[in-house]
Amino acid sequence: MVARIEDYALIGDLQTAALIGRDGSIDWLCLPRFDSAACFAALLGDEDNGHWRLAPAGAGDCTRRAYLRDSLVLESVWETATGTVKVTDFMPQRDRAPDVVRIVEGVSGTVEMLGVLRLRFDYGSVVPWIRRSDGHRVAVAGPDSAWLRSEPPVRTYGRDRSTRSEFTVSAGETVAFVLTWHPSHHPRPALVDPHESLRQSLEDWREWAGRCTYDGPHREAVVRSLITLKALTYAPTGGIAAACTTSLPEEIGGVRNWDYRYCWLRDSTLTLGALLSAGYGDEAAAWRAWLLRAAAGDPADLQVMYGLGGERRLPEFELPWLPGYERSAPVRVGNSAVRQLQLDVYGEVMDSLHVARRWGLPAKPHEWELQRSLMDYLRDHWHEPDEGIWEIRSPRRHFVHSKVMAWVAADRAVRALEADSRLDGDLDGWRAMRDEVHHEVCEKGFDSERGTFTQSYGSRELDAATLLIPRVGFLPPGDPRVTGTVDAVRRELAHDGLLRRYTADSKPLDGLPGTEGAFLACSFWLADALHRTGRRDEARDLFERLLSLRNDVGLLAEEYDPGALRHLGNYPQAFSHVGLVNTAFTLFSPRD
């Protein structure tokens, strides 16, 4: 049977990440970066597209599994007829080369173990040559090389284009495997001590988790979400990937399959706020520094997303040899939405830098100069239609959320000048722009008959993004236009108590066939909005329901199908976990 998306757990080294199923199989891993080609791609195909299973011979799923306390170290336990064994999986925070470490430990009795390694470079399409060298199995194909060793050595042999390991473990015995990748033209990296690496990894993660300042209810869920966000961070640059996967479907068997291994500007304010609120100033500063580098240049060229290092070119293409997760094709690499015009990102950047300033992050050289150039561009272009926050692949419209974020940009620019007389800018002009945008949105984006803001000017469709109106300060929470919008969105976008992003039957707007599940970030926004508008018990009930959707190790995908009771979309999803953290602070530990 194909594993469900929520059957996977995450390990990573702050530059890439792997997904491990309940059956002990690593079915997804891109090396050396999140956005590199996968060497294990069974997630989007089958075992011959690359995987590494390590489990008792003949066994199915593990009996139980969990992360070791406050870490990204996974422990899976199998209870068999002959004994009990546990496998500890992790990726040490790397020095030079990425390593996957898997430590097998006998707990009781004696258990026969079987390891099956199928390396398939370039997204499951390239079968490497395998040879032996100094007790290692060495795989080489083109630019990629990987070395497998065990401590102590165990029997390995080749079969069916795989490398197999057979051995037994009794109580108290351990066998550690290390898989190391490096460019094939480089010499083999220095060997890591798997047991010392485990000790250091636990120490590093627990020290980091211990810095969390949140002390409200559901602290474990908040800390797990923060660890997940940290795991999706590309440490060399501070960029945070939206997810570590591509093409996990928003509809099983459908075409809504996108590459999320990049950094979205739309996430910037919410992510920055979550990190700063939880006490992670260093990570917030690194994210802001990434943002400033990525946004530098002509403001007309500001993109909705960038690569992990701020790369601008993310060409989209398909991988026809991969059938897709549960036959959900096509499998895509790259993301053509990078070319879209989304005016809301100007507001996101301005708001992010405003949040950073409010929390006391020291200003960076040229930061205000960048903001001035963004405002100069936006003042001339905010009237234009765009593709909106949801990256609609159909004709542009005047999306209400985009206009609200244009107001946010002007408001934050005005507030910056009012707070710091050393800054220079067109205070009167930006105030006038702020007033003009506000008036237009309230006049053209509000349906007075239904008492709600709509998705775009003149439309009847609704959009969950309008729930952010009170959060960004466009209108106060008690304004009847806000409460009316919350009620209408909750009623018309409801999906078994959760929320869709926008009106489900808006096919001409969406431009794509099929449907999608409930969008988890939007459901967290609804909990926020309910709390802000005084319905606090309802907000807490919704928040606790959302917590119940996390898998057994605390992870969330992008979407959820309440009918099939399963996760959908790329995974784990940073936007969902940011929503969890921010909503926890809103409900239980207010920051304002």
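# Exercises on a predicted model

Val87 stands opposite Val104 in β9. Keep that pair in mind while you work through the exercises below; the model is a predicted one.

## Exercise 1: The surroundings of β8

Work out which strands pair with β8, and whether its residues are buried or exposed.

**Solution.**
Step 1. Start with β9, residues 99–118: eight bridges tie this strand to β8, and the two run antiparallel. The Val87–Val104 pair belongs here.

Step 2. Now turn to β7, residues 74–79, which is joined to β8 by six bridges, again antiparallel. Across this pairing, Ser76 has Val87 as its bridge partner. β7 and β8 make a hairpin, with three residues between them.

Step 3. Check the burial. Strand β8 covers residues 83–90, and eight of its eight residues are buried. On one side you find Gly83, Val85, Val87 and Asp89, and on the other Thr84, Lys86, Thr88 and Phe90, so both faces are covered.

## Exercise 2: A small open sheet

Find the order of the strands in the sheet that holds β27, and say which strands sit at the edges.

**Solution.**
Step 1. The order is β26-β27-β28, three strands in an open sheet with antiparallel pairing.

Step 2. β26 (518–519) and β28 (566–568) each pair on one side only, which makes them the edge strands.

Step 3. Look at the β27–β28 contact: β27 spans residues 559–561 and meets β28 over three bridges. One partner pair to look up is Asp561 with Arg566 in β28.

Step 4. Carry on past β28 to Pro572, in the loop that leads to α15 (574–588). The Tyr571 to Pro572 peptide bond is cis, with omega near -20 degrees.

## Exercise 3: Cysteines

How many disulfides does the model have, and how far is the sulfur of Cys39 from the closest cysteine sulfur?

**Solution.**
Step 1. A disulfide needs two cysteine sulfur atoms within 2.5 Å.

Step 2. For Cys39, the closest cysteine sulfur is that of Cys30, 7.7 Å away, so the gap is too wide for a bond.

Step 3. The count for the model is zero disulfides.

Step 4. Burial has a cut-off of under 20% relative accessible area. Cys39, at 3%, is therefore buried, and so is Cys442, at 17%.

## Exercise 4: Two residues with positive phi

Compare Arg161 and Glu391: where do they lie, and is each buried or exposed?

**Solution.**
Step 1. Neither is a glycine, yet phi is about 60 degrees at Arg161 and about 55 degrees at Glu391.

Step 2. Place them. Arg161 is in the loop between β13 and β14 (162–170), while Glu391 is in the loop between α7 (367–381) and α8 (400–419).

Step 3. Classify them. Arg161 comes out at 52% relative accessibility, so it counts as exposed; Glu391 has 13%, so it is buried.

## Exercise 5: The largest cavity

Which residues lie nearest the centre of the largest cavity, and what classes make up its lining?

**Solution.**
Step 1. The model has nine cavities of 30 Å³ or more, and the largest has a volume of about 170 Å³.

Step 2. Of the 15 residues lining the largest cavity, Trp258, Trp390, Glu391, Arg393 and Arg501 lie nearest its centre. You met Glu391 in Exercise 4 as a buried residue.

Step 3. Sort the lining by class: seven residues are nonpolar, seven are charged and one is polar.

How values were computed:
Residues are numbered from 1 along each chain as its sequence is written. This is a predicted model: local features need pLDDT of at least 70, side-chain atom pairs count only at pLDDT 80 or more; totals for chains, interfaces and linings use all residues. Side-chain values use heavy atoms; hydrogens and water are left out. On a 1 Å grid over the protein atoms alone, a cavity is a set of points where a 1.4 Å probe fits but cannot get out, and a pocket is an open set with protein on both sides within 12 Å along at least five of seven lines; lining residues have an atom within 4 Å of a point. Grid points are joined across faces, edges and corners, and a volume is the space filled by probe spheres set on the points. Ala, Val, Leu, Ile, Met, Phe, Trp, Tyr, Cys and Pro count as nonpolar, Asp, Glu, Lys and Arg as charged, and the others, Gly among them, as polar. Two strands pair if DSSP finds at least two bridges between them. Helices (H or I, at least four residues) and strands (E, at least two) are DSSP runs, numbered from the N terminus. Buried means under 20% relative accessible area, exposed over 50%, partly exposed in between (1.4 Å probe, protein chains only).
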